[in-house]
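Me: I have a protein–DNA model to look at. Can we go through it in short questions?

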Number of protein chains: 2
Amino acid sequence: MPQHPADTTAETPIFRQIVDHLRDRVLKGELTAHTPLPSERSLAESFDVSRMTARRALEALDAEGLSYREDRKGRFVSPKRIIYNISDMVSFAAKAQARGDALEIELVSQGTIPADARLARALELPEATALHRYTRLFRTEGHAAFIETEYVLASRFPDLLTHDLRQSSTRLLEQHYGISPRTGDITIRMRAMQPDEASLLGLAPYHPGIALEQVIRDGDGSAFCFGSQIWRGELAEFSAQAIVGEPV
Amino acid sequence: MPQHPADTTAETPIFRQIVDHLRDRVLKGELTAHTPLPSERSLAESFDVSRMTARRALEALDAEGLSYREDRKGRFVSPKRIIYNISDMVSFAAKAQARGDALEIELVSQGTIPADARLARALELPEATALHRYTRLFRTEGHAAFIETEYVLASRFPDLLTHDLRQSSTRLLEQHYGISPRTGDITIRMRAMQPDEASLLGLAPYHPGIALEQVIRDGDGSAFCFGSQIWRGELAEFSAQAIVGEPV
DNA sequence: GAATCTATCTGGTATATACCAGACTCGTTT
DNA sequence: AAACGAGTCTGGTATATACCAGATAGATTC
């Protein structure tokens with residue numbers, strides 16, 4: 001006998017009833033961050049539905065950002081979101097580390113490449129200009145949060161890749177190259193992760209994500225760095241303060 | 001005989017091969033904005049897979065933001081994203097309309113309510129303060145893009161709801177109440193749509209979305225408006241310019 | 001010409017089943 | 001104590017099937 005009989009006569013689909021039930025439990029705090037959710041099979045049994053129906057309910061929870069799944073390990077309740085203040089921009093890592101937040105940075109890969117059409121356009125450079133490229137994985141409290149790939153002008157920072165890249169790149173560029181105050185153009189959009197990105201973060205392919213791209217400029221307004229981040233969608237929260245001038 | 005035989009011996013799952021195939025066709029421009037994608041059944045037939053497998057491929061495309069589906073109508077190629085500049089903030093509608101973009105606003109519902117705990121906190125007001133609430137649906141070129149609900153201080157704008165709300169609320173507040181320059185706090189996060197939101201936008205439940213919340217303040221820094229938007233994830237792109245002071 | 005009917009298209013929901021592969025636990029062996 | 005292995009847990013992939021309900025287009029009827 002099912003522990004939670006689903007109301008098949010109601011017009012609301014069974015799997016949504018299960019979604020609502022689970023959402024309640026999460027929001028009431030009955031299930032806390034990183035706690036395992038019921039597995040697909042056990043959920044199916046307790047609601048007396050097929051595994052596929054239970055799965056659909058859990059996938060909806062994933063989409064809502066209330067849970068995430070790790071390959072062949074299970075589903076877990078999402079932790080509180082990480083607030084990324086856009087005005088802090090590049091110095092996110094520096095700020096987080098200064099606050100004492102456990103922010104670990106792992107270098108995934110690095111190299112020097114010629115700028116392709118997209119990078120050349122973003123950085124306002126001729127194509128094939130040499131760029132240092134490094135990809136890093138950012139973790140908070142042991143949980144992977146986002147991947148960042150930065151491209152910086154090789155001519156301006158020739159020996160960049162010889163430094164320890166497991167630190168705030170803002171601080172790196174400051175300490176070794178004395179960069180002055182800068183501006184940045186940022187764009188944010190939703191985009192599911194590609195299988196390779198998801199696997200780096202230990203997540204299922206097509207995990208919902210948020211992509212953040214930024215072009216960083218020096219005091220003279222010339223671009224020297226292009227950064228591309230892909231965040232776990234359920235983990236990211238972007239904040240900004242806008243000051244609006246008198247509209248004409 | 002399948003038109004596109006899937007390679008079952010390869011280590012990459014069949015449905016991902018289909019995703020890659022479809023993504024190619026979309027990115028190559030073979031399928032243009034709002035063009036119907038192959039239906040689940042026809043895709044299943046042409047790749048000689050079950051409908052469920054075809055469906056998984058199409059759902060992955062949805063998650064990537066390359067397609068969207070309308071209930072019982074079909075799946076369609078996503079149009080170009082709408083760029084929302086955070087610095088323009090509240091005046092998005094005004095700007096779009098000034099540019100001549102076809103931005104239609106439909107009033108969904110309105111009323112006056114007491115502030116609940118969440119609203120009171122956001123607006124820094126005592127609970128139960130009277131607020132005007134109105135929900136509007138924004139369309140570009142006939143396609144629903146996002147829903148916005150705004151809450152404004154009823155005491156300060158007593159007869160707000162008697163005006164035509166199918167226009168930029170920035171302009172409304174300016175023309176009738178003479179609001180001076182203002183600042184705004186914005187937060188952005190990924191969140192699947194609730195079934196009711198999705199149905200308003202003509203989309204499937206749990207459609208990936210991006211929520212944007214903003215608190216708008218007058219020249220004195222006192223909050224007078226709280227706005228909450230839910231965008232179709234595949235349609236939204238947020239841009240911002242940040243100016244970073246010299247870090248200590 | 002307008003309204004209606006109908007066949008067929010679409011996705012939506014749901015079940016039952018099968019096998020795979022990685023992760024994990026626990027007991028046994030070395 | 002460390003290494004190994006078996007059994008069992010997890011989600012991942014895939015098939016086949018069934019019926020529902022809204023959308024749509026075309027033919028028929030009024």
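Me: This model is predicted. What is the mean pLDDT of chain A?
Reply: pLDDT is the predictor's confidence in each residue. In chain A, 89% of the residues reach 70 or more. The mean for chain A is 88.

Me: Over which residues of chain A does pLDDT stay under 50?
Reply: Where pLDDT is low, the predicted coordinates should not be read in detail. The model does have 14 contacts beyond four places in sequence for this stretch of chain A. The stretch under 50 is residues 1–10.

Me: Which element gives the largest share of the surface near DNA strand C?
Reply: 24 residues lie around DNA strand C, and Ile14(A), Thr53(A), Arg56(A), Ser39(B) and Arg41(B) come nearest. Sugar and phosphate make up 63% of the strand C atoms that come within 4 Å of the protein. Elements supplying at least two residues include α1 of chain A and α2 of chain B. The largest share is four residues, from α3(A).

Me: How far is a phosphate oxygen of DNA strand C from an N or O atom in the side chain of Ser39(B)?
Reply: Start with chain A: a backbone N or O atom of Ser50(A) lies 3.1 Å from a phosphate oxygen of strand C. For Phe15(A), a polar backbone atom is 3.3 Å from one. For the side chain of Ser39(B), the distance is 2.8 Å.

Me: How many charged residues does the surface near DNA strand D have?
Reply: 26 residues surround DNA strand D, and the closest include Ser39(A) and Arg56(B). Sorted by class, seven are nonpolar and four are polar. The charged residues number 15.

Me: How far is a phosphate oxygen of DNA strand D from an N or O atom in the side chain of Arg56(B)?
Reply: Take two other contacts before it. The side chain of Arg69(A) has an N or O atom 3.3 Å from a phosphate oxygen of strand D. Ser50(B) uses a backbone N or O atom, at 3.1 Å. For the side chain of Arg56(B), the distance is 2.9 Å.

Me: Which element gives the most to the lining of the second largest pocket?
Reply: This pocket has a volume of about 920 Å³. Its lining has 36 residues, and among those nearest its centre are Arg189(A) and Glu64(B). Elements giving two or more residues include β8 of chain A and α1 of chain B. The most, four residues, comes from β6(A).

Note on methods: Residues are numbered from 1 along each chain as its sequence is written. Chains are lettered from A and ligands numbered from 1 in the order in which they are written. This is a predicted model: local features need pLDDT of at least 70, side-chain atom pairs count only at pLDDT 80 or more; totals for chains, interfaces and linings use all residues. Side-chain values use heavy atoms; hydrogens and water are left out. On a 1 Å grid over the protein atoms alone, a cavity is a set of points where a 1.4 Å probe fits but cannot get out, and a pocket is an open set with protein on both sides within 12 Å along at least five of seven lines; lining residues have an atom within 4 Å of a point. Grid points are joined across faces, edges and corners, and a volume is the space filled by probe spheres set on the points. A residue is near a molecule or strand if one of its heavy atoms lies within 4 Å of it. A polar contact is a pair of N or O atoms within 3.5 Å; within protein, one must be able to donate a hydrogen and the other to accept it, and residues adjacent in sequence count only if both atoms are side-chain atoms. Ala, Val, Leu, Ile, Met, Phe, Trp, Tyr, Cys and Pro count as nonpolar, Asp, Glu, Lys and Arg as charged, and the others, Gly among them, as polar. pLDDT is the predictor's confidence in each residue, from 0 to 100. Contact means heavy atoms within 4.5 Å.
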